[in-house]
Amino acid sequence: MIDKPGKPTEGLAPERVDEGLQLFEVVALDPPEGSWRAAGGTLSIGSHPGNAVVLDEPTVSRFHCELRATSQGVRIIDLESRNGTFVDGIRVHSAIVASGNVLRLGRLRLRFQRLADREAVPQSAHTTFGPLVGSSSIMRAAFATLDRVARSDATVLLDGETGTGKGAVAEALHAASPRKDRPFVVVDCAVLSPTLLQSELFGHERGAFTGADARRIGAFEEASGGTIFLDEIGELPAEMQPRLLRVLENRAVRRIGQNRYQPVDVRIIAATNRDLRTLVNEGRFRADLYYRLGVVRVTIPPLRERTTDLPELAVELLRGMGATAAEIARLTEPSVIERLEHNPWPGNVRELRNFLERSLVLESPALDDLPPVATTLTLPAARRRALDAFERRYLEDLLQRHGGKVAAVAQAAGVARVYIYRLLGKHGLKPGIDS
C-alpha cells in the first residue's frame, strides 16, 4: 500500500512518476447501491468502517478482501473472510480480475470495471533506502513513501513476507529521522511469553513478581527520545494487546508493580509478515490496535514481484560478502540471472543471500539447489511446489544448526514456535527431544 502523492518534502531528492497504475471501480449489483473507485491503487472491502468500501451486511467479514492494482493487472486478495470471495462463481484466494467480472462477497454482488484512466504513482529518485536496493517501479514507489515518512513521527506498520527486509527498513527509517542520534530499541513479540513480554516492554519494580530482584527499565522507557521497533507484532498475545493500545493512545507506560504512569516520547514502528486484517477477522487481533499501528502502512514487495532488481541486488549482496570483481562477474552472468529470475524466491532476499553465499563457497553458481521451473504446472501449483521445497530445506538446515531445538529454530527464523511446529508437521520433520 503506497501513500497518495503528497507535497514534496524539503531536502529530499525529487520524485519521478511512472506510467501509472490502472484505475478501476466496483459497482454494487445488490443493495446498498453505489459505486466506488480505487484510491491509491487499492480498494479494501468489508463491513468495518475503516474500509474504502463499507458493506453493511452480516455475511461480509470486517475485512473481507482487497483489490490492488499491480504491474500485472488488478488483483483481488481474500483476507481469510468467513464466507469467501468469489469471482464469476469461483472461490479465489488471490486472482487477477477483468472488466465485467462479478465479485460475490457473502450475499452481496459487485461488478468489477477497469477504467480508461491511470493514476500517477510518485517514485523516489533514489534506487536505495538504507540497505534496500531496487530500481523497479514498485520499489521506487515504496522508497518515495519511506522517504516522506522518515521525516515524520508517524507510527508506521511495515508488512511483507518473511525475508523481505522489514527490520532493515525499520533501522533505515530511524537513521533517516530527526531521532537518529537517540536509541533504537528492538522487541521481538514472537519469542517471549506474555509475562516476559510485558516486563520487556514496560519494565518492572523490584519485588513485583518472583525473580524480580531489581528494578528493570522497559523498552518504551529505554527508547525515550528515539524509536521502538515492535517486530512480529502479529504474534502479540491477546492479553497484551489492550495494554499496548493504552500506551499508543496515552504515550505513557506503567511498570509492573508501580502505581503511576511514566510519560514516554517514542516513535513506534511495527512489522509483521501476516496481514493483520486477516487476524482481525479471526478475532485474534484488535481492530482498534490495528488502526493505531497502521497510521502509515507500507508493504515491502516480495522478490518475485521485482525480479528486474535481481542483477543490482545480487551485486550489492556479493559486495557485502567481500566478493571479488571476478566472483561478482561469474555469479551475475546473464545465464545465471535468467535462471534466478525464474525462481519464485519464497524466502525473498534472505533466500537470495543464502544462495549467493553458498555459491561463493562452492566457487560456482549453486543452480542445482534451485527448484526446476515446472512450466507444465499452473503458476499457483508451481509456486506451491517451490515454496514447499524451500520450507523443507530451510527447516532441515535450521534443525541441524540448532540441534533440533524448536525454540532456537523459531528465534533464528524470526517466527513463533507454534508456526515452526505447524511446518514440521506439514513436512514430516521431527524436532529434538529437548524441544
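These legends walk through four close-up views of a predicted model.

**View A. A parallel sheet of five strands.**
Welcome to the open sheet whose 5 strands follow the order 17-20-23-16-24, with parallel pairing. At its edges you will find strand 17 (184–188) and strand 24 (296–299), each of which pairs on one side only. From one strand to the next, the twist averages 20°. To see how one pair fits together, look at strand 16 (residues 156–159) and strand 24: the two run parallel and are joined by 4 bridges. Which residue of strand 24 is the bridge partner of L158? That partner is V298.

**View B. A sheet with mixed pairing.**
Here is an open sheet of 5 strands in the order 5-4-6-7-10, and its pairing is mixed. Strand 5 (53–54) and strand 10 (94–97) each have a single partner strand, so one side of each has no neighbour in the sheet. As a reminder for newcomers, the strands of a sheet pair through backbone hydrogen bonds, in either a parallel or an antiparallel way. An antiparallel example is the pair formed by strand 4 (residues 42–46) and strand 6 (residues 65–70), which share 4 bridges. Within this pair, I45 of strand 4 stands opposite C65 in strand 6.

**View C. H174 and its surroundings.**
Let us zoom in on a single residue, H174, which belongs to helix 2 (residues 166–175). Is H174 buried or exposed? Its relative accessibility is 6%, so H174 counts as buried, the cut-off for buried being under 20%. The side chain of H174 reaches the backbone oxygen of R182 at a distance of 3.1 Å. Leaving aside residues up to four places away in sequence, H174 touches R179, K180, R182, P183, F184, G226 and T227. R182 therefore appears twice in this view, as the residue whose backbone oxygen is reached at 3.1 Å and among the residues that H174 touches, because contact means heavy atoms within 4.5 Å.

**View D. A cavity and its lining.**
How many cavities of 30 Å³ or more does the structure hold? There is 1, and the largest cavity has a volume of about 30 Å³. Its lining is made up of L157, D159, T272, R274, D275, L276, R277, Y290 and R297. Two or more residues of this lining come from strand 16, and two or more from helix 6 (276–281). You have already met strand 16 in View A, where its partner was strand 24.

Methods. Residues are numbered from 1 along each chain as its sequence is written. This is a predicted model: local features need pLDDT of at least 70, side-chain atom pairs count only at pLDDT 80 or more; totals for chains, interfaces and linings use all residues. Side-chain values use heavy atoms; hydrogens and water are left out. Two strands pair if DSSP finds at least two bridges between them. Axes are lines fitted to C-alpha atoms, for helices over the stretch in contact, and angles run from 0 to 180 degrees between N-to-C directions. Buried means under 20% relative accessible area, exposed over 50%, partly exposed in between (1.4 Å probe, protein chains only). A polar contact is a pair of N or O atoms within 3.5 Å; within protein, one must be able to donate a hydrogen and the other to accept it, and residues adjacent in sequence count only if both atoms are side-chain atoms. On a 1 Å grid over the protein atoms alone, a cavity is a set of points where a 1.4 Å probe fits but cannot get out, and a pocket is an open set with protein on both sides within 12 Å along at least five of seven lines; lining residues have an atom within 4 Å of a point. Grid points are joined across faces, edges and corners, and a volume is the space filled by probe spheres set on the points.
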